Amino acid sequence: YPLPGSLGFEEQDAKTFASWGIDYLKYDNCHHDGSKPIERYPVMSKALKKAGRPIFFSLCEWREMHPAEWGFHVGNSWRTTCDITDTWESMISRADQNELYAQYARPGGWNDPDMLEIGNRGMTKDEYIVHFSLWAISKAPLLLGCDIRNMTQETIEIISNKEVIAVNQDSYGIQARKARMHGDEEVKPMQQPLLLNHMII
């Protein structure tokens with residue numbers, strides 16, 4: 001039996017997605033035929049480009065083949081981490097893993113440390129503020145992973161912060177990086193240049 005999903009039906013599915021008015025396609029790495037993502041993902045990329053509608057192409061293969069190093073010519077974002085969970089430890093570790101690939105992020109192609117957990121109630125308000133801020137300065141896609149039908153006012157306030165969103169959307173497109181290391185000890189401030197000679201620290 002054929003495998004589920006778009007494998008082998010890329011052009012057909014790309015045209016269908018375009019006809020539905022789809023803007024964003026997250027292309028996962030589950031249930032494949034054993035071929036490598038670096039071989040499979042370009043096939044869908046080409047199909048989307050011929051579909052007649054701009055569709056943001058998100059490569060989701062959990063950083064197994066370091067898609068940050070080759071994804072820019074294939075898609076618009078690529079996962080740099082394994083799946084996130086709604087804990088402080090998971091969130092911080094994903095931010096750290098994502099930062100390792102900062103040099104590859106630029107307009108048109110972004111590092112993706114997975115979806116935002118804000119609103120799933122596993123962290124405190126302050127921790128969610130840090131979460132949103134780290135994803136913003138990392139130029140990561142700000143995709144909500146909570147049930148948007150039941151968001152609290154607190155969640156709405158965090159994710160609708162216009163100043164933080166503006167940092168994420170700054171057209172300079174440079175991902176923040178840790179300022180320095182001190183021996184084996186991390187010195188955590190992150191820096192990010194913005195337009196007009198501004199700097200986020």
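## A tour from R94 through the salt bridges

Begin by selecting R94, which, once its neighbours within four places in sequence are set aside, is in contact with T81, C82, D83, I84, P113 and W135, contact meaning heavy atoms within 4.5 Å. What you have open is a predicted model, in which local features need pLDDT of at least 70 and side-chain atom pairs count only at pLDDT 80 or more, while totals for chains, interfaces and linings use all residues. Residues are numbered from 1 along each chain as its sequence is written, and side-chain values use heavy atoms, with hydrogens and water left out.

R94 belongs to helix 3, residues 88-99, where helices (H or I, at least four residues) and strands (E, at least two) are DSSP runs numbered from the N terminus. R94 counts as buried because its relative accessibility is 13%; buried means under 20% relative accessible area, exposed over 50%, and partly exposed in between, with a 1.4 Å probe and protein chains only. If you add T80 to the selection, the C-alpha atoms of R94 and T80 are separated by 8.1 Å, although the two residues stand 14 apart along the chain.

Now colour by secondary structure, and six helices and seven strands appear. Select the four strands that form an open sheet in the order 1-2-3-4, with parallel pairing, where two strands pair if DSSP finds at least two bridges between them. The edges of this sheet are strand 1 (24-27) and strand 4 (110-112), each of which pairs on one side only. In its interior, strand 2 (residues 56-59) and strand 3 (residues 77-79) pair in the parallel sense over two bridges, and L59 stands opposite W78 in strand 3. Helix 2 (residues 37-49) lies across strand 1 and strand 2, running at about 175 degrees to strand 2; such axes are lines fitted to C-alpha atoms, for helices over the stretch in contact, with angles from 0 to 180 degrees between N-to-C directions.

Next come the salt bridges, of which the structure holds six, each being a side-chain nitrogen of Lys or Arg within 4 Å of a carboxyl oxygen of Asp or Glu. Select R53 and D23, whose side chains meet in one of these at 2.5 Å, N to O. R53 lies in the loop between helix 2 and strand 2 and D23 in the loop between helix 1 and strand 1, so this pair ties together parts that are 30 residues apart in sequence.

Move on to D114 and R79, which form a salt bridge with their closest N and O atoms 3.4 Å apart. This pair links distant parts of the chain, since D114 is in the loop between strand 4 and helix 4 (125-137) and R79 is in strand 3, 35 residues apart. D114 is buried at 8% relative accessibility, and R79 is buried with a relative accessible area of 2%. Adding D83 to the selection shows a network of salt bridges that links R79, D83 and D114.

Then select D96 and K178, whose side chains meet at 3.1 Å, N to O. D96 is in helix 3 and K178 in strand 5 (residues 177-182), 82 residues apart, so that distant parts of the chain are linked. D96 is partly exposed, with a relative accessible area of 24%, whereas K178 is buried at 16%.

End at N168 in helix 6 (residues 162-169), which is buried with a relative accessible area of 8%. Leaving aside neighbours within four places in sequence, N168 is in contact with W135, A136, K139, A140 and L142.
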